[in-house]
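Colleague: Before we discuss anything else, could we look at the structure together and settle on a residue from which to begin?

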Amino acid sequence: MFRWLCLLSVCSLLVCGGDALSQERIPFNGHEYMLVEQELTWENARTHAESLGGYLACITTVEEQDFINGLLDYYTWLGGMDENSEGNWEWVSGEPWDYECWLSTEPNGGVLENYLWWHNNGWNDAADHHVHQ
């Protein structure tokens, strides 16, 4: 299965498996990641990733975080959310939420910011309507 990362200004989708064969795949630790450029909200990015047989990237180790930090330099949607229960973050892949890399003042959005994005080598909670140009 592919893992996806979704940039806000351009959507970078990291993927393991799936049918998106036209994009370059970047292997790491048993997964393949793929960057796809599109402007998407978190929910639209999730739906698009799933339509290709993948899911938004779920960072579960410091090694994976370091790998992803080396790939990105834009705001990027990740596969984390707390929309089901405020403050209880979960991965869309169902993997355990055992690793975190929040920026120093995050998460800080309360019920208005339920989706996870990467920014400056750390994590931030954000609202679904964020799409930057």
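Modeller: Let us begin with Leu116, bearing in mind that this is a predicted model. Leaving aside its neighbours within four places in sequence, Leu116 is in contact with Trp42, Thr76, Trp77, Leu78, Gly80, Trp89, Trp91, Trp97, Trp102, Trp123 and Asn124.

Colleague: Which residues have the most contacts inside the largest nonpolar core?

Modeller: The largest nonpolar core of the model has 29 residues, and helix 1 (42–51), strand 5 (54–56), helix 2 (62–71), strand 6 (76–81), strand 8 (115–119) and strand 9 (122–126) are the elements that give two or more residues to this core. Leu116 has Trp123 in its list of contacts. The residues with the most contacts inside the core are Leu116 and Trp123.

Colleague: Which element gives the most to this core?

Modeller: Helix 1, helix 2 and strand 8 are among the elements that give two or more residues to the core. The element that gives the most, with four residues, is strand 8.

Colleague: Is strand 8 largely enclosed or not, and how many of its residues are buried?

Modeller: One side of strand 8 carries Tyr115, Trp117 and His119, the other carries Leu116 and Trp118, and all of these are buried, so that both faces are covered. Strand 8 is therefore largely enclosed by the rest of the structure, the number of its buried residues being five of the five.

Colleague: Which residue of strand 8 stands opposite Thr76?

Modeller: Thr76 lies in strand 6, and strand 6 runs antiparallel to strand 8, the two being joined by three bridges. Thr76 is itself buried, with a relative accessible area of 0%. The residue that stands opposite Thr76 in strand 8 is Trp118.

Colleague: What residue of strand 9 stands opposite Trp118?

Modeller: Strand 8 is also joined to strand 9, again in an antiparallel arrangement, and here there are five bridges. Opposite Trp118, in strand 9, stands Trp123.

Colleague: Which residue takes a positive phi in the hairpin of strand 8 and strand 9?

Modeller: The two strands of this hairpin run antiparallel, and two residues lie between them. The residue that takes a positive phi, near 50°, is Asn120.

Colleague: How many salt bridges does a search of the whole structure find, and which residues form a salt bridge?

Modeller: The search of the whole structure finds one salt bridge, with its closest N and O atoms 3.2 Å apart. Both partners lie in helix 1, four residues apart, which is about one turn of the helix. The residues that form the salt bridge are Glu50 and Arg46.

Colleague: Is Arg46 buried or exposed, and what is its relative accessible area?

Modeller: Its partner Glu50 counts as partly exposed, at 43% relative accessibility. The cut-off for buried is under 20% relative accessible area, and Arg46 counts as buried because its relative accessible area is 19%.

Colleague: What share of the contacts in the protein with a separation of 6 or more comes from residues 24 or more positions apart?

Modeller: From the N terminus on, the elements run β-β-β-β-α-β-α-β-β-β-β, giving two helices and nine strands in the protein. Of its 133 residues, 49% count as buried. Among the contacts with a separation of 6 or more, the share that comes from residues 24 or more positions apart is 59%.

Terms used. Residues are numbered from 1 along each chain as its sequence is written. This is a predicted model: local features need pLDDT of at least 70, side-chain atom pairs count only at pLDDT 80 or more; totals for chains, interfaces and linings use all residues. Side-chain values use heavy atoms; hydrogens and water are left out. A nonpolar core is a set of buried Ala, Val, Leu, Ile, Met, Phe, Trp, Tyr and Cys residues joined through side-chain atoms within 4.5 Å. Buried means under 20% relative accessible area, exposed over 50%, partly exposed in between (1.4 Å probe, protein chains only). Contact means heavy atoms within 4.5 Å. Two strands pair if DSSP finds at least two bridges between them. A salt bridge is a side-chain nitrogen of Lys or Arg within 4 Å of a carboxyl oxygen of Asp or Glu.
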